[in-house]
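This briefing introduces selected features of the structure shown below. It covers a surface patch, a pocket and one further residue.

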Amino acid sequence: MSFHTFSSRRSDSSVRAWLTLVCLAMLQFFIAIDVTVVNVALPSIGAEFGASERQLTWVVVAYTIAGGGLLMLGGRLGDMFGRRRMGLLHG
């Protein structure tokens, strides 16, 4: 194996690692925006359904638990069937 081939493979691995990091950072950003949207909508939800602040807390909790549960399910399915196969289902 020549040095050029080794360097190229190492470079591909480095690019892939950075791409993964960027994708994860974007995912975290979208999750933060998503939760912010729910919090901004809370007054409208409370007015529409006549819910108290205590009841609106449960809206945020339920939304967060559902989102976290789906993330764990997606991770488990990725473990079972492979990341590439699960990624192709959405693309």
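**Surface patch and pocket**

A nonpolar patch on the surface is formed by Val22, Met26, Phe29, Phe30, Ile33 and Val37, whose accessible area together is about 570 Å². The model is a predicted one. Phe30 belongs to this patch and also helps to line the second largest pocket.

*Phe30*

- Phe30 lies in helix H1, which covers residues 3-49.
- The relative accessibility of Phe30 is 49%, so this residue counts as partly exposed.

*The second largest pocket*

- The volume of the second largest pocket is about 170 Å³.
- Its lining consists of Phe30, Ile31, Asp34, Val35, Tyr63, Thr64, Gly67, Gly68 and Leu71.
- Two or more residues of this lining are given by each of H1 and helix H2 (53-81).
- H2 provides the largest share of the lining of the second largest pocket, namely five residues.
- By character, the lining of the second largest pocket comprises five nonpolar residues, three polar residues and one charged residue.

*Gly75*

- Gly75 is placed in helix H2, the element that also gives the largest share of the lining of the second largest pocket.
- Gly75 counts as partly exposed because its relative accessibility is 34%, a value between the limits of 20% for buried and 50% for exposed.
- Gly75 and Met86 are eleven residues apart along the chain, and their C-alpha atoms are separated by 9.4 Å.

Notes. Residues are numbered from 1 along each chain as its sequence is written. This is a predicted model: local features need pLDDT of at least 70, side-chain atom pairs count only at pLDDT 80 or more; totals for chains, interfaces and linings use all residues. Side-chain values use heavy atoms; hydrogens and water are left out. Patches are made of residues with over 30% relative accessible area and no salt bridge: like charges are joined within 9 Å, nonpolar side chains (Val, Leu, Ile, Met, Phe, Trp, Tyr) within 5 Å. Accessible areas come from the Shrake-Rupley method with a 1.4 Å probe; for residues, only the protein chains shown count as cover. A salt bridge is a side-chain nitrogen of Lys or Arg within 4 Å of a carboxyl oxygen of Asp or Glu. Helices (H or I, at least four residues) and strands (E, at least two) are DSSP runs, numbered from the N terminus. Buried means under 20% relative accessible area, exposed over 50%, partly exposed in between (1.4 Å probe, protein chains only). On a 1 Å grid over the protein atoms alone, a cavity is a set of points where a 1.4 Å probe fits but cannot get out, and a pocket is an open set with protein on both sides within 12 Å along at least five of seven lines; lining residues have an atom within 4 Å of a point. Grid points are joined across faces, edges and corners, and a volume is the space filled by probe spheres set on the points. Ala, Val, Leu, Ile, Met, Phe, Trp, Tyr, Cys and Pro count as nonpolar, Asp, Glu, Lys and Arg as charged, and the others, Gly among them, as polar.
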